[in-house]
Amino acid sequence: MTELKGALIGCGFFAVNQMHGWNDAAGARIVAICDRDPARLQIVGDTFGIERRYSSAEALFADGGFDFVDIATTVASHRPLVEMAAANGVATICQKPFAPTMEDAAAMVAACDRAGVAFMIHENFRWQSPIRAAKAAIDSGAIGEVFWGRVSFRSAYDVFSGQPYLATGKRFIIEDLGIHALDIARFLFGNATAVTARTRRVNPAIAGEDVATMMLDHAAGITSIVDCSYATRLPVEPFPETLLEVDGSKGTLRLSQSYRLSVHSPDGTEVSDVQPRLLPWASRPWHNIQESVGLIQRHWVECLRDGREPDTSGRDNLQTFALVEASYLSAAEKRTVPLEEFLG
């Protein structure tokens, strides 16, 4: 089969993981990179042997020669870049959050629809192998009909040293981390219809919130709690693990620290180690996230080959992004916010 050629826009902190993932992706490779910072462009280009290097996206698209583009820039640049890719008929992957507003997000989805190009959000947390293992256990029916769940990410890890811009925005944990946990809740329990949220800033050195608790009403009748914190100091630092609790009519599921999956059913309790693979280029404790990068990229390649919509398409991710916006509104106004206020 013909190899898919890709271009990467943005050579910053996380893009290195994406480049490693593309190196491992069967049937696809990156042939060009773009970044306005010459130093970052050189580092990534030299590290991965990419000869085609651009300082402007316009020049990159003008030269063409690739089937898809992977946009790994910050959120303010996403809409113009996605619309540029759509105008050039290029399938697009975009980092999360994929827009600054719901209006921008909807416009990006519409632009790709009009152009007839695939559009996927790099929402990789649901692709973590421990989360996939939990989903498979739920879908097996072992714990019966799910009626309650919890998605939890609590840590005191210093994320600001690697990404200092995170400390400066008025929005922080829901937009940067909570968006992943909210998407996991959708993945496990289905779309939500309303959210009630509370936030707090514990760290005085940052501008945004570093603690958030959200209660979701799901269309399937399930209630879930999504809680996130970068101010929680534990005896054993769990970063970057997402922990799960799921209650069903026949039993319970727990994904606890150190990737321990416990499924209690009428047949007994089964405990398994769902530790993610430590890839040759990965490092602990990031290996969980790093593995998921490769898994979602493999999914993207398969979807392009088969002509089907990715699981985390732009259209699908509007539901996750609406939860982010609704959570901020709920926290600000101290009320339950129906998702229809954002999705219509």
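1. Start with Asp 316 and Arg 126. These two form a salt bridge, with the closest N and O atoms 3.6 Å apart. Asp 316 belongs to helix α9 (residues 314-333), while Arg 126 sits in the loop between β6 (119-121) and α6 (129-139), so the bridge ties together parts that are 190 residues apart in sequence. Have a look at where the pair sits, too: both Asp 316 and Arg 126 are buried. Keep in mind as you read on that this is a predicted model.

2. Next, try Arg 79 and Asp 104. Their side chains meet in a salt bridge at 2.7 Å, N to O. Arg 79 is part of helix α4 (residues 78-87) and Asp 104 is part of helix α5 (residues 102-115), so this pair ties together parts 25 residues apart in sequence. Is each partner buried or partly exposed? Arg 79 has 27% relative accessibility, so it counts as partly exposed. Asp 104 has 15%, so it counts as buried; the cut-off for buried is under 20%.

3. A third salt bridge brings together the side chains of Arg 308 and Glu 302, at 3.9 Å from N to O. Here Arg 308 is partly exposed, with a relative accessible area of 37%. Glu 302 also counts as partly exposed, at 36%. Elsewhere, salt bridges with shared partners link up into one network, made of Arg 150, Arg 154, Asp 227, Glu 245, Asp 247 and Arg 254.

4. Now for the charges in general. How many salt bridges does the structure hold? The count is 25. The protein chain carries 32 positive and 42 negative side chains. The centres of those two sets lie 2 Å apart.

5. Two prolines deserve a click. A cis peptide bond joins Lys 96 and Pro 97, with omega at about -20°. You'll find Pro 97 in the loop between β5 (91-94) and α5. A cis peptide bond also joins Arg 284 and Pro 285, and there omega is about 0°. Pro 285 has its place in the loop between β14 (268-273) and α8 (287-306).

6. Check the backbone at Ser 258 and Tyr 259 as well. Ser 258 has phi near 70°, which is a positive value in a residue other than glycine. For Tyr 259, phi is near 60°, again positive in a residue that isn't glycine. Ser 258 is in the loop between β12 (252-256) and β13 (260-265), and Tyr 259 is placed in the loop between β12 and β13 too. With 6% relative accessibility, Tyr 259 counts as buried.

7. Ile 121 is a good residue for practising how to read surroundings. Ile 121 sits in strand β6, and at 0% relative accessibility it counts as buried. What is Ile 121 in contact with, leaving aside its neighbours within four places in sequence? The list is Cys 94, Gln 95, Lys 96, Phe 98, Ile 296, Thr 312, Ser 313, Gly 314 and Asn 317. You've already met Lys 96, as the residue joined to Pro 97 by a cis peptide bond. As for Asp 104 from point 2, its C-alpha atom is separated from that of Ile 121 by 14 Å, with the two positions 17 residues apart along the chain count.

8. Time to zoom out. The secondary structure of the protein chain comes to 10 helices and 15 strands. Along its principal axes, the C-alpha trace spans about 60 × 45 × 40 Å. A compact globule of 344 residues would have a radius of gyration near 20 Å, and the protein chain has 20 Å, so the two agree.

9. Finally, inside and outside. Buried residues account for 55% of the 344 in the protein chain. Take the contacts between residues at least 6 apart in sequence: 66% of them join residues at least 24 apart. On the outside, the protein chain exposes about 14,500 Å², and carbon and sulfur atoms supply 50% of that area.

Note on methods: Residues numbered from 1 in each chain as written. Predicted model: local features only at pLDDT ≥ 70, side-chain atom pairs only at ≥ 80, totals over all residues. Heavy atoms only, no water. Helix = DSSP H or I, 4+ residues; strand = E, 2+ residues; numbered from the N terminus. Rg over C-alpha atoms; globule rule 2.2 N^0.38 Å. Buried < 20%, exposed > 50% of the residue type's maximum accessible area, 1.4 Å probe, protein only. Contact = heavy atoms within 4.5 Å. Areas by Shrake-Rupley, 256 points an atom, 1.4 Å probe, with all protein chains shown as cover. Lys, Arg positive; Asp, Glu negative; His and termini not counted. Charge placed at Lys NZ, Arg CZ, Asp CG, Glu CD. Salt bridge = Lys/Arg side-chain N within 4 Å of Asp/Glu carboxyl O.
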